[in-house]
Amino acid sequence: MRDRLRLPDGVLGMASRGPQWAAFVDRLPGVVQSLYDDWELRPDGWMMHGYCALVVPVVTSGGRRRVLKVALQDEESEHEHLALSRWGGDGAVRMDRADPARGALLLEQLRDVSLEAAWDVEACTVVGELYGRLHVPAPGQLRPLTAFVERWADELAALPRSAPLPRRLVEQAVSLSRDFCADGASVGTMIHGDLHYGNVLAADREPWLAIDPKPVSGDPHYEPAPMLWNRWNELVSSPLGVRDAVRRRFHTLVDTASLDEDRARDWVVVRMLDNAAWRLLDPPTGQQGMTEDEWLTVCITIAKAVQD
């Protein structure tokens with residue numbers, strides 16, 4: 001009998017997030033071993049992980065270096081394989097095969113270099129250019145963005161008036177959300193959903209490729225917000241000041257991708273107020289490394305900065 005695979009401590013720690021996570025971690029060694037066997041793979045480096053997935057460098061029976069990714073399947077990640085298949089490696093990591101039932105993907109191996117190391121304006125230019133390649137007609141299986149936005153608007157509207165958020169911004173975000181849900185342009189395009197500095201890696205066949213999509217049938221203008229809230233400390237220390245530094249990123253993305261500025265701005269307001277509401281409603285799943293007050297300040301600051 002083979003020894004049970006030893007998972008990284010960071011993956012073992014996922015079990016503390018709740019029963020669904022504990023079950024995922026418990027079955028993960030067996031799933032990975034079965035994939036090694038079924039797909040004729042052998043591990044070829046240290047196991048790594050993100051927030052919800054184990055990533056293992058592997059070599060195929062034909063000697064090709066690849067990456068095996070096994071993720072917890074939820075409504076955000078369950079259609080990752082559909083997006084990667086639709087893109088076919090154009091602007092995104094190439095997928096060799098998938099097993100959705102096991103949450104498994106076999107992907108091309110990219111470099112361990114992300115846009116985290118690039119000047120943020122340069123990174124925004126790269127991401128803005130990727131938008132044009134990734135925003136293609138959505139496969140019919142994808143959930144509509146408006147289904148999520150409608151639910152989030154209800155949650156936001158239900159916050160008590162005593163919630164530590166400017167009521168004006170809350171009401172604005174709810175109103176914008178309702179308008180977007182009634183607008184046919186809010187669906188129909190496959191969007192990445194979580195395209196930020198850490199989800200763009202250097203590659204051999206192209207300078208930069210997107211990874212880890214959370215695809216929905218949505219609106220391209222929904223995309224910019226993650227590029228604004230990530231690498232927040234750089235904005236705080238910017239000689240421009242936070243407001244102008246946020247606006248510089250925003251306008252770089254909008255101009256590079258030829259997005260409609262007003263529509264992109266409205267989506268940023270909606271996303272930032274939704275992010276704030278999620279932190280209030282479900283504190284353990286908020287932004288790592290920030291207190292509740294710090295994260296709420298980030299959300300409010302960005303929502304105001306893109307409008308001032």
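Two strands are said to pair if DSSP finds at least two bridges between them. The legends below apply this term to a predicted model.

**Figure 1. Overview of the predicted protein chain.** The protein chain contains 11 helices and 11 strands. Along the principal axes, its C-alpha atoms fill a box of roughly 60 × 40 × 40 Å. A compact globule of 308 residues would have a radius of gyration near 19 Å, and the value of 20 Å for the protein chain therefore agrees with such a form. Of the 308 residues, 53% count as buried. When contacts between residues at least 6 apart in sequence are considered, 69% of them join residues at least 24 apart.

**Figure 2. The surface and charges of the protein chain.** About 14,000 Å² of the protein chain is exposed, and carbon and sulfur atoms supply 50% of this area. The chain carries 34 positive and 46 negative charges. The mean positions of these two sets of charges lie 2 Å apart.

**Figure 3. Helix α3 and its surroundings.** Helix α3 spans residues 80-87, and it is largely enclosed by the rest of the structure because 6 of its 8 residues are buried. Here, a residue counts as buried when its relative accessible area is under 20%. The buried residues of α3 are E80, H81, L82, A83, L84 and W87. These residues pack against the strands β4 (65-71), β5 (95-99), β6 (104-108), β7 (136-137) and β8 (189-191), and also against helix α4 (120-134). Just after α3, G88 adopts a positive phi of about 60 degrees.

**Figure 4. Strand β6 and its pairing with β4.** Strand β6, one of the elements against which the buried residues of α3 pack, is mostly covered, with 5 of its 5 residues buried. Strands β4 and β6 pair in the antiparallel sense over 5 bridges. Within this view, E108 of β6 is the bridge partner of R66. In a regular strand, the side chains alternate between the two faces of the sheet.

**Figure 5. The hairpin formed by β5 and β6.** Strands β5 and β6 run antiparallel and are joined by 4 bridges. One bridge partner in β6 is L107, which is matched with M95. The two strands form a hairpin with 4 residues between them. In the turn, G103 has a positive phi of about 65 degrees.

How values were computed. Residues are numbered from 1 along each chain as its sequence is written. This is a predicted model: local features need pLDDT of at least 70, side-chain atom pairs count only at pLDDT 80 or more; totals for chains, interfaces and linings use all residues. Side-chain values use heavy atoms; hydrogens and water are left out. The radius of gyration is taken over C-alpha atoms; the globule rule is 2.2 Å times the number of residues to the power 0.38. Buried means under 20% relative accessible area, exposed over 50%, partly exposed in between (1.4 Å probe, protein chains only). Contact means heavy atoms within 4.5 Å. Accessible areas come from the Shrake-Rupley method with a 1.4 Å probe; for residues, only the protein chains shown count as cover. Lys and Arg count as positive and Asp and Glu as negative; His and the chain ends are not counted. The place of a charge is taken as NZ of Lys, CZ of Arg, CG of Asp or CD of Glu.
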